[in-house]
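Hi,

Here is the structure I promised to pass on to you. Have a look at it first, and then read on for my notes.

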Amino acid sequence: MKVDDSESHGSAFYYFDAETYLLLRIDMMGSHITYSDYRDVGGFKVAFKTIHEFKSAFANSKMVTTVRELQVNVPI
């Protein structure tokens with residue numbers, strides 16, 4: 001699905017799983033965010049792994065975030 005942002009004059013492409021409708025990837029202005037390892041947490045599906053890839057004419061970078069444990073509505 002393509003989404004246009006009139007304020008920034010940019011576009012983003014959203015990719016979803018055809019069976020689960022979970023978000024798999026976002027592509028925008030040379031950057032990519034990939035979501036995976038979805039797990040059920042308190043009745044919600046949450047991506048436990050996220051990969052951000054930033055690409056530009058000057059530098060490329062990659063950041064991987066992995067969630068080990070997530071709890072919902074617990075006392076702090």
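Below is what I found, grouped by region.

Before anything else, please keep in mind that this is a predicted model.

**The group around histidine 32**

Let me begin with histidine 32, which belongs to strand β4, residues 31-41. Is this residue buried or exposed? Histidine 32 counts as buried because its relative accessibility is 17%, under the 20% cut-off. Its side chain has a polar contact of 2.8 Å with the side chain of arginine 25, and another of 2.7 Å with the side chain of aspartate 27. If you set aside the neighbours within four places in sequence, histidine 32 is in contact with Arg25, Ile26, Asp27, Ile51, His52 and Glu53.

Aspartate 27 sits in strand β3, residues 23-28. With a relative accessibility of 15%, aspartate 27 is buried too. Beyond residues up to four places away in sequence, it touches Ser11, Ala12, Phe13, Tyr15 and His32.

Arginine 25 and aspartate 27 are also linked to each other: they form a salt bridge, with the closest N and O atoms 2.7 Å apart. On the arginine side of this pair, the residue is partly exposed at 27% relative accessible area, whereas the aspartate is buried at 15%.

**The other salt bridge**

How many salt bridges are there by the rule used? The count is 2. Besides the pair just described, aspartate 37 bridges to arginine 39, and here the closest N and O atoms are 2.8 Å apart. Aspartate 37 is partly exposed, with a relative accessible area of 36%. Arginine 39 is likewise partly exposed, at 36%.

**Strands β2 and β3**

Strands β2 and β3 run antiparallel and are joined by 5 bridges. Within this pairing, alanine 12 stands opposite methionine 28 of β3. The hairpin they form has 6 residues between the strands, and tyrosine 21 in that hairpin takes a positive phi near 65°.

Leucine 24 is another residue of β3. It counts as partly exposed, since its relative accessibility is 34%. Although leucine 24 and tyrosine 35 are 11 residues apart along the chain, their C-alpha atoms are separated by 5.0 Å. Not counting residues up to four places away in sequence, leucine 24 touches Tyr15, Phe16, Asp17, Ile33, Thr34 and Tyr35.

Phenylalanine 16, one of those contacts of leucine 24, lies in strand β2, residues 10-16. What is its exposure class at 40% relative accessibility? Phenylalanine 16 is partly exposed. Together with Met1 and Val3, Phe16 makes a nonpolar surface patch of about 290 Å².

**Strands β5 and β6**

Further along the chain, strand β5 (residues 44-55) pairs with strand β6 (residues 60-66) in the antiparallel sense, over 7 bridges. One of the facing pairs puts phenylalanine 54 opposite serine 61 in β6. The connection from β5 to β6 is a hairpin through 4 residues.

If you open the model yourself, histidine 32 with its side-chain polar contacts to arginine 25 and aspartate 27 is where I would start looking.

Best wishes

Conventions
Residues are numbered from 1 along each chain as its sequence is written. This is a predicted model: local features need pLDDT of at least 70, side-chain atom pairs count only at pLDDT 80 or more; totals for chains, interfaces and linings use all residues. Side-chain values use heavy atoms; hydrogens and water are left out. Helices (H or I, at least four residues) and strands (E, at least two) are DSSP runs, numbered from the N terminus. Buried means under 20% relative accessible area, exposed over 50%, partly exposed in between (1.4 Å probe, protein chains only). A polar contact is a pair of N or O atoms within 3.5 Å; within protein, one must be able to donate a hydrogen and the other to accept it, and residues adjacent in sequence count only if both atoms are side-chain atoms. Contact means heavy atoms within 4.5 Å. Patches are made of residues with over 30% relative accessible area and no salt bridge: like charges are joined within 9 Å, nonpolar side chains (Val, Leu, Ile, Met, Phe, Trp, Tyr) within 5 Å. Accessible areas come from the Shrake-Rupley method with a 1.4 Å probe; for residues, only the protein chains shown count as cover. A salt bridge is a side-chain nitrogen of Lys or Arg within 4 Å of a carboxyl oxygen of Asp or Glu. Two strands pair if DSSP finds at least two bridges between them.
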